[in-house]
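Let's take a walk through this one, starting where the chains come together and then heading into the interior of a single chain.

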2 protein chains.
Amino acid sequence: MSVGIVKEQSVTFDTDLRLESGRILGPITQVFETYGELNADASNAILVAHAWTGSAHLAGKHREDDPKPGWWDAIVGPGRLLDTDRYFVICPNVIGSCYGSTGPASINPKSGRRYSLTFPVITIRDMVRAQAMLLDHLGIKRLVSVLGGSMGGMQALEWGTQFPERVGSIIALATTPAPSPMAISLNAVARWAIFNDPAWKKGEYRKNPKDGLALARGIGHITFLSEESMQAKFGRRYSARDGLFDFFGKFEVERYLSYNGYNFVDRFDTNSFLYLAKALDLYDIALGYESLQEAMERIACPAQFFAFTSDWLYPPGQTEEMVGLMRQLGKDVEYHLIDSPYGHDAFLLEHETFAPQLSAFLKRVTAGE
Amino acid sequence: MSVGIVKEQSVTFDTDLRLESGRILGPITQVFETYGELNADASNAILVAHAWTGSAHLAGKHREDDPKPGWWDAIVGPGRLLDTDRYFVICPNVIGSCYGSTGPASINPKSGRRYSLTFPVITIRDMVRAQAMLLDHLGIKRLVSVLGGSMGGMQALEWGTQFPERVGSIIALATTPAPSPMAISLNAVARWAIFNDPAWKKGEYRKNPKDGLALARGIGHITFLSEESMQAKFGRRYSARDGLFDFFGKFEVERYLSYNGYNFVDRFDTNSFLYLAKALDLYDIALGYESLQEAMERIACPAQFFAFTSDWLYPPGQTEEMVGLMRQLGKDVEYHLIDSPYGHDAFLLEHETFAPQLSAFLKRVTAGE
């Protein structure tokens, strides 16, 4: 069942957060949504962390006539995978995003002007530390679980390593301990596309630089798909309205990327896109530790990992490296490689493929409670 | 041994070529280089077909002080893989290119102005038909072999299917019967990067639109490399001159792509880049036939194929589809999957990995002569 009509919530912390970079950010607004009821001893909370262009609007609708529910509605609600009859589900919008939490599009109260490029570079660890402030505010000492895919998976990993005492389990899907140079390259050319757009104006645009942002999204979009899914959806079909030998003629897949790229311009802020891309590329679970092993050693709770066979952005081998180390360390770790043609996006598109294992894992880790 | 100092040659055909699109192109200049001597009965010629941004300058140097020899110098010369003591090696620059053969940067003699976007869309088949005119001019009825990688491999395939009576063998490396939607997408975003650059001016630029072309090349460059080769060469190393948390800070791989992208601007014409990208995407060996099988059926000579394990642009499976069909058809076909970390570029970087098989193949197919 759907969670029904939900409301976005917001809290502003009038304190400064010392970022991983050493710079200071504050005050910090944290937008979030919650579903279900927090129980008396605040022991039934699950945090769902969103990916790059996601938001706090995880489930339900804001108004009856919203065309679509939240971005992972299928798994949240009474009787659903994250059962809101049992759990209190929290989805915070990450700092750096443009969906309400403090980001480069926010007004800097100290200057009265939009941050734009004066916004400090933030990291996944910074996002998670801001989320910890939110938990304090909500009176939650410890989470049943943190769950997320892609950038959301990185947040789950940071919860596990930075706040081991505050998480009962972590569930990370389609993620990586640190993006490969291939993944970095693909974000690099996406950034470059925006930097090339004169309408970007070094971040001082009034309206999104649409050509640059649409192209950047087009590049990103390719990395979320797979050879197989593109073959199935588009093959080599040519746009019916173009001549095969027109200079500007387009393959269907080309039209699709362009169409979706320009749609994205209406829903996401360019500077946020850049800051979050940077956070993704910089992500390294081992940063500040001697080794990946030393970082994984810090995880004190059961962990579950999912990787997807056709994900070439964060290929399964990268997850397997973490899982292998955790096994060596004698940690409680589960790993499931899901056979899917949907590439990196599989975690969002095919929750049925991992729902049974995820459900069993949650049951197991909450069994004593 | 090197072929030493070589000269570019050129011939202009004052005839019109009816292109696959139905449009007419003429006169047609064809630039080429040759190495070794054509024998008395013109029976020792091998044609080497270049890739996207290649040229006729296959081997040797134009002047003693050239910093580098031709693009595949390592395999051409006395005693080398293509032994110029024995073979007459021809390397034509494809039409559509900017290295001398007729292309969008050429002056249209009918208007006295640069073609730019009035240049017709050309196909791999058109390139090969122009090369056939060159062979007629040189008095060569039949080639010992046509050899090429990537777009050069497509040309070898077209020689095999369009001029079966004129080729004694074909050797195709790192190629495909038709690029996948993934490969098309990656070219599509490269094109888009150029279209976005205001300096491109719908092809009517005076100077290359550098930001757009450099980015387009950067995107292309990624597709030529592999996860593995990037990991080995760059890993996640961060540029020593940038702070890790600088907004414009760059990973080494990012700097490398940018540096090479801007270098490319000095050596290649933007419109040529676009027309050849189009020819690549449109390439379909089966175009005009009922099926891939019907196309492969036309190949009447021994064929040798090489694919490279880490080539994700034209993955081995695409070559294997052709090989499988040829085997079913009872054709004389050899296939070698080369284990290489160098991605699509492996065919240029690692000739030692396929030289023995290629050499044995050439020996075998020329044994009767």
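**Where the two chains meet**

About 5000 Å² is buried between chain A and chain B, with carbon and sulfur atoms giving 74% of that area. Buried area here is the accessible area, taken with a 1.4 Å probe, that two parts lose on being put together, summed over both. Keep in mind that this is a predicted model, where local features need pLDDT of at least 70 and side-chain atom pairs count only at pLDDT 80 or more, while totals for chains, interfaces and linings use all residues. Residues are numbered from 1 along each chain as its sequence is written, chains are lettered from A and ligands numbered from 1 in the order in which they are written, and side-chain values use heavy atoms, leaving out hydrogens and water.

On the contact list, 60 residues of chain A face 60 residues of chain B, contact meaning heavy atoms within 4.5 Å. Of the interface residues of chain A, 100% are also interface residues in chain B, so the copies meet through the same surface.

How are the copies related? Turn chain A by 180°, with 0.0 Å of shift along the axis, and it superposes on chain B with an RMSD of 0.0 Å. The two copies are thus related as by a two-fold rotation axis. The fit is by least squares on the C-alpha atoms of residues with pLDDT of at least 70 in both copies. Within chain A, A:Ala193 comes closest to that axis, its C-alpha lying at 3.3 Å.

There are 2 salt bridges between chain A and chain B, each being a side-chain nitrogen of Lys or Arg within 4 Å of a carboxyl oxygen of Asp or Glu. One of them joins A:Arg191 to B:Glu254, with the closest N and O atoms 3.1 Å apart. Helices α3 (181-195), α4 (210-224), α5 (227-233), α6 (252-265) and α7 (270-282) of chain A each give two or more residues to the side that touches chain B; helices are DSSP runs (H or I, at least four residues) and strands likewise (E, at least two), numbered from the N terminus. The largest share, 11 residues, comes from α3(A).

**Inside chain A**

Over all chains, the structure holds 30 salt bridges. Among them, A:Arg113 and A:Glu204 meet at 3.9 Å, N to O. A:Arg113 lies in strand β10 (residues 113-114) and A:Glu204 in the loop between α3 and α4 of chain A, so this pair ties together parts that are 91 residues apart in sequence.
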